[in-house]
Amino acid sequence: MNREQGHSWLRRLIGSMGPMGPMRLIRLMGLLGLLGGCSGQEEVDEMAVTETTVEVMSCMTSYDEHVMATRAWIPPTTFLPYDVADKAIGICLTQDGEKPKKGYLFKSSGKWRTDIELDAEANYYLYGYAPHTPGMTCAISSSSTPGDNSAYSDGAVMTLDNVPSVTPSDVCVVIGATNGKDDYKADADYSVTGLRRGNFYYQAKANRGAEAGGNYIYLLFDHLYAALSFSIRVHGDYAALRTIKLKELQVETSAGDEPTTEKTCITITLNKTLDGSDPIESIVFTPKGAAMSAATVFASSAGELLSMTPSVYQCQFMPRGITKIKLTSTYDVYDKNPSDGHPEGNLLRKDCKATNTFSLSLFDQQTEFLRGRRYTINLTIQPTYLYVLSEPDLNSPTVTVE
């Protein structure tokens, strides 16, 4: 029996695979308390950091259906908490007729910091994105004309370049900003006045000099990519015979047979709105670079145990024009015979690989992938036979002659 005839837990041996329709659009929000600044370089991981800190309060997104917060607070209607965790956030502090102040909020030595220096109190229009990753760049203009700084009070055109086309990160754009509160209470709920979509106005205090004070910022985010969720479980009959440890998931996307490029340039046109309506006028995705190789969206050197309870793995991808998604999985297979030095059982197959291709047509009534939607594929590992027998499997059956 050759390998193609054998056990493939995510290809031929899937007992049931149920793709679901896209989840509703989920917008995100994040809360930042900005206390100081320091100088730095273009890339976050190369910044020279001084000892001025940033207080960051954040919550988990709804993708995991639970919330973790530093303090209790009430997000605006239709928004859910967004966990900025230790990711870097790119921000642009803009003024009409002035060159933007571009920089980051980032974590270093266990503390949040910023590289933007403010010498005096000033009024800005704050635009930004999250997360910033090494290699990404951001250009901003108040119109479609590059370098136009005339009217940021009316909106902005922001271009994010070198964004990975498939990524474990939830790529988002700021769609609202306002001043936060400086009288937080750990045991009290509170809401924020003026925090709404389309409002980018922010009053900053100096973080340099004799008049330096605390800066507290609230940010609203919206998704730029679509989310892809793999829900994987082992069927009970197979779980009684074998243990599977997942070591890596890699994802590739394509438009028909044409692979997606490795990077994407994203141009977002944002407008000021007075009624809380969506400020995003348009989003243009421009392919960039060579055809992508598989993007790793999960990795574990020891392997993560799969069970009869679904394990969920998620990534984000540039949705425009995508019709096919390829999933490549790497896993180890053990028997159920633990021994000294082998508590999981005997390792029967190491670093096995299986590839599945999923078409857009699998999703009911979907003609295109959409940003801000989550697409779920349910996978059940249910083989029809065993590829490799272990010694305990070789006990001959008893034959009774009557």
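This text walks through a predicted model, from a four-stranded sheet to a cavity, a ring cluster and some unusual backbone spots.

Start with the sheet. Four strands form it, and it is open. The order across it is 9-10-18-19, with antiparallel pairing. Strand 9 covers residues 137–141 and sits at an edge. Strand 19, residues 280–291, is the other edge strand. Each of these two pairs on one side only. From one strand to the next, the twist averages 15°.

Now look inside the sheet. Strand 10 spans residues 155–164 and pairs with strand 18 in the antiparallel sense. Eight bridges join strand 10 to strand 18. To find the register, go to Gly 155. Its bridge partner in strand 18 is Asn 271.

Strand 18 runs from residue 261 to 271 and also pairs with strand 19. That pairing is antiparallel too, and it counts nine bridges. Two positions help to trace it on screen. Thr 261 of strand 18 faces Ala 291 in strand 19. Further along, Cys 265 stands opposite Thr 286 in strand 19.

Stay with Thr 286 for a moment. Is this strand 19 residue buried or exposed? Neither label fits: Thr 286 is partly exposed, because its relative accessible area is 37%, and the partly exposed class runs from 20% to 50%. Arg 320 lies 34 residues away from Thr 286 in sequence. In space, their C-alpha atoms are 9.4 Å apart.

Next, the cavities. The structure holds two of 30 Å³ or more. The second largest has a volume of about 30 Å³. Which residues line this second largest cavity? The lining consists of Pro 131, Thr 133, Met 136, Val 163, Pro 164, Thr 167, Ser 169 and Val 171. By class, five of the lining residues are nonpolar and three are polar. None is charged.

Several of these names tie back to the backbone. Val 163 and Pro 164 line the second largest cavity, and strand 10 includes both positions, as it spans residues 155–164. Pro 131, another lining residue, is found in strand 8, residues 122–132. Pro 131 also has a notable peptide bond. The bond from Ala 130 to Pro 131 is cis, with omega near -10°. Most peptide bonds are trans, and most residues other than glycine have a negative phi.

Two residues depart from that phi pattern. One is Asn 162, in strand 10. Its phi is positive, about 60°, although Asn 162 is not a glycine. Asn 162 has 22% relative accessibility and so counts as partly exposed. The other is Asp 351, in strand 23. Asp 351 has a positive phi of about 55°, and it is not a glycine either. At 38% relative accessibility, Asp 351 is partly exposed.

Finally, turn to the aromatic rings. The count comes to 10 aromatic pairs. One of them joins Phe 363 and Tyr 375. The ring centres are 5.4 Å apart and the planes meet at 75°. Why is this pair edge-to-face? It falls in that class because its angle of 75° is over the cut-off of 60 degrees.

The pair of Phe 363 and Tyr 375 links distant parts of the chain. Phe 363 is in the loop between strand 23 (347–359) and strand 24 (374–381). Tyr 375 is in strand 24 itself. The two residues are 12 apart in sequence. Phe 363 has a relative accessible area of 2% and is therefore buried. Tyr 375 is at 0% relative accessibility, so it counts as buried as well.

Tyr 375 has a further ring partner, Phe 369. This pair is also edge-to-face, at 4.8 Å centre to centre. Its planes are 85° apart. Phe 369 is buried, because its relative accessibility is 3%, under the 20% limit.

These rings belong to a cluster. Ring pairs link Phe 317, Phe 363, Phe 369 and Tyr 375. Within the cluster, Tyr 375 pairs with Phe 363 and with Phe 369.

Key:
Residues numbered from 1 in each chain as written. Predicted model: local features only at pLDDT ≥ 70, side-chain atom pairs only at ≥ 80, totals over all residues. Heavy atoms only, no water. 1 Å grid on protein atoms, 1.4 Å probe; cavity = no way out; pocket = protein on both sides within 12 Å on 5 of 7 lines; lining within 4 Å. Points joined across faces, edges and corners; volume = space filled by probe spheres on them. Nonpolar A, V, L, I, M, F, W, Y, C, P; charged D, E, K, R; others polar. Pairing = 2+ DSSP bridges. Axes fitted to C-alpha atoms, helices over the stretch in contact; angles between N-to-C directions. Phe/Tyr/Trp six-rings, centres within 6.5 Å; stacked < 30°, edge-to-face > 60°. Buried < 20%, exposed > 50% of the residue type's maximum accessible area, 1.4 Å probe, protein only.
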